[in-house]
Amino acid sequence: MPYVVTQSCCSDASCVLACPVNCIHPAPGDPDFATAEMLYIDPDGCVDCGACATACPVDAIKPHTLLTPAEEPFLALNAEYFEVFPHADRAPVAVVPPQRRLRDPRPVRVAVVGAGPAGLYAADELLKHPELRVDVLDRLPTPHGLVRAGVAPDHQRTKQAERLFRQIEEQPAFGYLLGVEVGRDVSRAELDERYDAVIWTVGASADKPLHVPGEDLPGSLSATEVVGWYNGHPDHQDLAVDLGHERVVVVGNGNVALDVARVLTLDPERLRGTDIAGLPWAQLAQSRVREVVVLGRRGPAQAAFTLPELVGLVALAEQGVVDVVVETGGADLPADTPVGRQLARLRSLPTDPSRRRIVLRFLTQPLAVLGEERVTGLEVERTSLQPGPDGTLRAVGTGGTEVLECGLVLRAVGYHGREVADLPYDPATGTVPSDRGRVEPGTYVAGWVKRGPTGFIGTNKSCAQETVARLLDDLDAGLVGPPARDAADLGALLASRGVTVLDLSDWRALDAEERRRGAAGGRVRAKIVDREEMLRVAVEARRERVARPRYASRPKARSTR
Ligand SMILES: Cc1cc2nc3c(=O)[nH]c(=O)nc-3n(C[C@H](O)[C@H](O)[C@H](O)COP(=O)(O)OP(=O)(O)OC[C@H]3O[C@@H](n4cnc5c(N)ncnc54)[C@H](O)[C@@H]3O)c2cc1C
Ligand code: SF4
Ligand code: SF4
């Protein structure tokens, strides 16, 4: 009864260290670990101990007998990985690096800017050293970055990564300063003079433009904004998402495009119990959208979505939740690849005109967003694949055009980092240039701002570990700190600027209130989406905590004699 890794795997490799027989790969150190879409269990090596399932933060691992029909394809996918990369020549146990110790055990204080996965994994890695205290800052009153505001609401298992973040937050030397935008409320220099080192984990929150005429028309939006809207990100709650038309076109076919296509086509009842924001859910419940076309410039073999996401979509189509139509534009489906087989499976499924549908359309590129006052359509051109100078296949327009009538055009062609504070910035990649995370001694980066918007939640763990190793090198070499001022006065500085800063207890109170409101409606949580309300709820709870005596006097026990 081998165990099997399924769709919600976020590649953090926690299971690798738990496995007594080293049968989960690719593991850190394997050449393909950095680019892996998920990890796989070798069915021939697995001794069914279940340790990996306990270690997994997102419940991605199951014994094969407990797989649901939707998860069954993962049994073959796990086995197939080891047919291509046989296990026999691997080391018998996973490599566990020895715990490093600082040469000079003096107290060290590190600020981490950005409370997303990279920031929290960095904090966790730093807190393995008893000399270190870590303050994590975020511009929002809520932490957890894109796990809260990006991961799709129908992927609640993936959002269980927040349970792991909770454990990281509980460490005694961990602190939050939430609601603080570095670069606006406090400068980089003011942080630098208060901390031995600062790690920037601010993500990549902008989107790439299409560079076609009409993309600024009302009704032409970025998937980034729409994802933020339905996930309750306070910056995107006023977004005008017009769902009064039958067709939406999403340009780009990565996982974010599939997320948006699913959310726009799923029966709202399937989303009701999730953490989707309240008003967007109500709007989706009234939606007239019948079809979402997902455009890919290149062919099915070059599709940007990952295999686990495609398997999840196939399962929805098999269950009759939504129709998924594959239009290859004349290209052959890639034979003998797992993606090709999943697309062929989609093609073989019957469709039903009464159901909403997602069209995966390949070899098509956008030419112009059409409309006078708002979007009425998208002009597209067929493409063909030609080898570029470096040998990779590029999409080249064939001249054959058509108009897809639609009411919304969403661009999902990639995220891009913004310039932040006065850090060095590479506009081409949208990242802060660094040497394995070191910008200069005392200044470091991890996560999407370091390596660009690639990888999964867990990918940020090894990324943050690499960065923290550079920071520890610099501490050992005496290149950083001690700081000129005490970080303890940061709170007073921010208060003098009128910034309401939330700490861990405040976040716990806000979290509890969202869960309480959600439970009343049978939901995971009812997100508070207005920044002022978030602050109000947290501050009121703080007042109550302060007013409540820490140890309420208990009535004296009555004598039984
Ligand atoms: C739509 C979407 C869906 C995804 N779904 C999945 C999935 O299902 N599974 C999976 O494994 N991965 C998924 N990912 C990828 C995953 O979310 C990323 O790998 C991860 O969030 C990147 O982590 P990060 O910490 O670098 O950035 P982020 O998560 O973006 O965190 C950055 C944090 O920095 C804060 N910040 C920014 N600027 C400042 C500032 N000036 N001062 C203070 N704070 C600041 C932000 O508020 C944010 O909280 C998804 C990504 C997207 C975009
Ligand atoms: S069940 Fe045990 S042996 Fe099998 S993959 Fe998990 S940890 Fe390894
Ligand atoms: S999420 Fe992490 S622990 Fe779970 S299966 Fe994937 S790599 Fe293993």
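The chat below walks through a predicted model, from its domains to some of its single residues.

Reader: Before we start, what kind of model is this, and how are residues numbered?

Author: This is a predicted model in which local features need pLDDT of at least 70 and side-chain atom pairs count only at pLDDT 80 or more, while totals for chains, interfaces and linings use all residues. Residues are numbered from 1 along each chain as its sequence is written, chains are lettered from A and ligands numbered from 1 in the order in which they are written, and side-chain values use heavy atoms, with hydrogens and water left out.

Reader: Okay, which domains does the chain have?

Author: The assignment gives domain 1 (3-84), domain 2 (108-205 + 417-501), domain 3 (237-412) and domain 4 (504-549), with bounds that come from an automatic or database domain assignment.

Reader: How many residues of domain 1 are in contact with domain 2?

Author: In domain 1, 17 residues are in contact with 14 residues of domain 2, where contact means heavy atoms within 4.5 Å. The C-alpha centres of these two domains lie 29 Å apart.

Reader: And what area is buried between domain 1 and domain 2?

Author: About 1100 Å² is buried there, and carbon and sulfur atoms give 49% of that area; buried area is the accessible area (1.4 Å probe) that two parts lose on being put together, summed over both.

Reader: How many salt bridges are there between domain 1 and domain 2?

Author: The count is two, a salt bridge being a side-chain nitrogen of Lys or Arg within 4 Å of a carboxyl oxygen of Asp or Glu.

Reader: Switching to the ligands, which residues come nearest to ligand 3?

Author: Cys9, Asp12, Ala13, Cys15 and Cys56 come nearest, out of 13 residues around ligand 3, and a residue is near a molecule or strand if one of its heavy atoms lies within 4 Å of it.

Reader: What about ligand 2?

Author: Around ligand 2 there are also 13 residues, of which Cys19, Cys46, Cys49, Gly50 and Cys52 come nearest. That shell divides into eleven nonpolar, one polar and one charged residue, where Ala, Val, Leu, Ile, Met, Phe, Trp, Tyr, Cys and Pro count as nonpolar, Asp, Glu, Lys and Arg as charged, and the others, Gly among them, as polar.

Reader: Now the backbone: where are the cis peptide bonds you would point to?

Author: One joins His25 and Pro26, with omega about -5 degrees, and another joins Gly481 and Pro482, with omega about -10 degrees. Pro26 is placed in the loop between strand S2 (24-25) and strand S3 (40-41); helices (H or I, at least four residues) and strands (E, at least two) are DSSP runs, numbered from the N terminus.

Reader: Why mention such bonds, or a positive phi?

Author: Because most residues other than glycine have a negative phi, and most peptide bonds are trans.

Reader: So is Leu363, with its positive phi, buried or exposed?

Author: Leu363, whose phi is about 50 degrees, is buried, with a relative accessible area of 7%; buried means under 20% relative accessible area, exposed over 50%, and partly exposed in between (1.4 Å probe, protein chains only). Asp48, with phi near 60 degrees, is partly exposed at 31%.

Reader: Last one: why is helix H10 called largely enclosed?

Author: Ten of the eleven residues of H10 (residues 255-265) are buried, so the rest of the structure largely encloses this helix; among the buried ones are Asn255, Asp259 and Arg262.
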